[in-house]
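Hi there,

Here is the structure I promised to pass on to you. Have a look at it first, and then read my notes below.

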Amino acid sequence: GGGGGGGAAATARALQPKAAPQPGPVPTLQSFEDVLRLIDAKRDVTLKFDVEKFVRPISFRPGAITFEPAPGAPSDLQQRLVQRLKEWTGQAWLVAAEGGGGAESLYERAQREAQETRKTALADPFVQSILEAFQGAEVVEVRQIRIETPEAPEESSEDPGEDEAGV
């Protein structure tokens with residue numbers, strides 16, 4: 001016959017455990033926000049959308065999430081979340097859906113905050129005067145603008161109270 005003795009070496013190599021590829025440090029998730037950041041970092045857009053829109057968190061501890069599914073939640077959301085978290089963290093996760101008691105989903109909170117911002121804007125006397133001045137005008141969108149404040153200028157060395165030596 002053919003391969004004199006090579007078969008035993010090949011069998012021994014096949015039985016040796018293969019090192020799992022280590023793509024980087026294993027994330028430690030200490031909060032529900034950490035879970036959202038991990039989903040975002042892994043670029044699982046569908047899971048991110050579904051978690052933000054349909055997960056109403058009830059409780060979180062490392063390795064376990066309990067949530068209330070919002071109406072319209074995909075039936076496989078819980079299973080997909082368990083699979084991805086196990087894949088990404090290397091540990092088993094318990095993800096349980098319950099019938100009530102959850103906080104707002106991120107989507108629901110964003111919607112509520114947008115409505116509150118719109119209501120505040122419409123109540124502003126300046127906005128009301130514009131709407132009165134331009135009959136038929138309406139507020140289509142309210143945006144939050146972050147105004148960058150310039151940093152305070154550093155004290156110049158020409159300060160009359162000090163010379164270069166600080167005396």
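**What I found**

Of the protein's 167 residues, 19% count as buried (under 20% relative accessible area with a 1.4 Å probe, protein chains only; exposed is over 50%, partly exposed in between). Please keep in mind that this is a predicted model, where local features need pLDDT of at least 70 and side-chain atom pairs count only at pLDDT 80 or more, while totals for chains, interfaces and linings use all residues. Residues are numbered from 1 along each chain as its sequence is written, and side-chain values use heavy atoms, with hydrogens and water left out.

The fold first. There are 6 helices and 3 strands (DSSP runs numbered from the N terminus: helices are H or I with at least four residues, strands are E with at least two). From the N terminus, their order is α-α-α-β-β-α-β-α-α. Of the contacts (heavy atoms within 4.5 Å) between residues at least 6 apart in sequence, 57% join residues at least 24 apart.

Next, the core. The largest nonpolar core (buried Ala, Val, Leu, Ile, Met, Phe, Trp, Tyr and Cys residues joined through side-chain atoms within 4.5 Å) has 19 residues, and Ile39, Leu47, Val51, Ile65, Leu81, Leu85 and Val95 have the most contacts inside it. Helices H2 (32–41) and H3 (45–54), together with E2 and H4, each supply at least two residues of this core; H2 gives the largest share, 5 residues. Leaving out residues up to four places away in sequence, valine 51 touches Phe32, Leu36, Ile39, Leu77 and Leu81.

Glutamate 68 may interest you too. It is found in strand E2 (residues 64–69) and counts as buried because its relative accessibility is 12%. Its side chain reaches the backbone nitrogen of glycine 102 at 2.9 Å, a polar contact (N or O atoms within 3.5 Å, one able to donate a hydrogen and the other to accept it; residues adjacent in sequence count only if both atoms are side-chain atoms).

Finally, the rings. The count comes to 1 aromatic pair (Phe, Tyr or Trp rings, the six-membered one for Trp, with centres within 6.5 Å; planes under 30 degrees apart are stacked, over 60 edge-to-face, the rest tilted). The ring centres of phenylalanine 60 and tryptophan 93 are 6.0 Å apart with planes at 45°, so this pair is tilted. Phenylalanine 60 is in strand E1 (residues 55–61) and tryptophan 93 in the loop between H4 (77–89) and E3 (94–97), 33 residues apart. Tryptophan 93 is buried at 8%, whereas phenylalanine 60 is partly exposed at 23% relative accessibility.

Best wishes
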